[in-house]
Amino acid sequence: MEIDTKCEKCETEARYDVDLSNLMATFKSGNYSKPLILDNVQIKFKPMPFTEINNAGLIQFELQKTLQYLIAIEDDTERNTKTAEAMRKLNDTYLDMLCQMIEYIRVPEAIVMDKEHILDFLKNSDKLSYNKIRDYSLELKQQTDLQPLKIKCQNCGHEYDQVFTVNATDFFA
């Protein structure tokens with residue numbers, strides 16, 4: 001597979017071959033076996049299926065385009081209203097993704113697996129608990145992210161990291 005990249009030092013643009021088999025050999029799944037514990041609540045996470053990650057990426061891409069469009073709106077009231085709608089949609093998308101990552105929530109009385117109840121739990125969590133849940137999910141995600149590619153500029157020899165993602169929305173950027 002080929003990628004296009006631009007040297008951050010001399011700004012030379014170049015195309016590099018990426019050996020996907022070597023890249024995928026370095027890919028590792030996060031450790032989802034350990035639940036997050038918040039007082040008497042255990043939250044068990046699971047990896048998101050690629051289709052869900054991709055769908056969320058497409059929604060995020062649409063929202064980024066919407067936010068770019070909002071800058072051109074001259075009427076402050078209309079711009080503020082549309083910005084609030086976009087931010088609400090972004091927040092809902094993130095909550096939905098977080099909900100999809102949660103396999104179950106164990107409380108002393110029960111194990112909750114119903115997505116509507118989990119979503120309700122997330123929406124009604126206090127800020128400290130929500131931040132711990134968010135941070136833990138981001139930790140798990142970072143464990144599964146592909147490592148940046150090490151690139152050496154063909155022009156000036158500068159070495160730099162190039163982020164590499166497998167995401168359908170990247171093809172539309």
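**Exercise 1. Cysteines**

Work out why the sulfur of Cys153 makes no bond with the closest cysteine sulfur.

*Solution.* Start with the distance: in this predicted model, the sulfur of Cys153 sits 3.6 Å from the one in Cys10, its closest cysteine sulfur. A disulfide needs the two sulfurs within 2.5 Å, so that gap is too far for a bond. Next, try Cys156: its closest cysteine sulfur is also in Cys10, at 3.7 Å, which is again too far. Finally, tally up with this rule and you get 0 disulfides. As for surroundings, Cys153 is buried at 5% relative accessible area, whereas Cys156 is partly exposed at 35%.

**Exercise 2. A threonine in a strand**

Find where Thr5 lies, say whether it is buried or exposed, and identify the side chain it joins through a polar contact.

*Solution.* First, place it: Thr5 belongs to strand 1, residues 2–6. Then check accessibility: the value is 5%, and buried means under 20%, so Thr5 counts as buried. Now look at its side chain, which has a polar contact of 3.1 Å with that of Tyr160. Leaving out residues up to four places away in sequence, Thr5 touches several others, including Thr12, Tyr16, Ile151 and Gln162.

**Exercise 3. Aromatic rings**

Search the whole structure for aromatic pairs and classify what turns up.

*Solution.* The search gives 1 pair. Its rings belong to Phe45 and Tyr136, with centres 5.3 Å apart and planes at 45°, so call it tilted. Phe45 is in strand 4 (residues 41–45) and Tyr136 in helix 5 (residues 127–144), so the pair ties together parts 91 residues apart in sequence. To finish, check burial: Phe45 is buried at 1% relative accessibility, and Tyr136 is buried at 12%.

Conventions
Residues numbered from 1 in each chain as written. Predicted model: local features only at pLDDT ≥ 70, side-chain atom pairs only at ≥ 80, totals over all residues. Heavy atoms only, no water. Buried < 20%, exposed > 50% of the residue type's maximum accessible area, 1.4 Å probe, protein only. Helix = DSSP H or I, 4+ residues; strand = E, 2+ residues; numbered from the N terminus. Polar contact = N/O pair within 3.5 Å; in protein donor to acceptor, adjacent residues only side chain to side chain. Contact = heavy atoms within 4.5 Å. Phe/Tyr/Trp six-rings, centres within 6.5 Å; stacked < 30°, edge-to-face > 60°.
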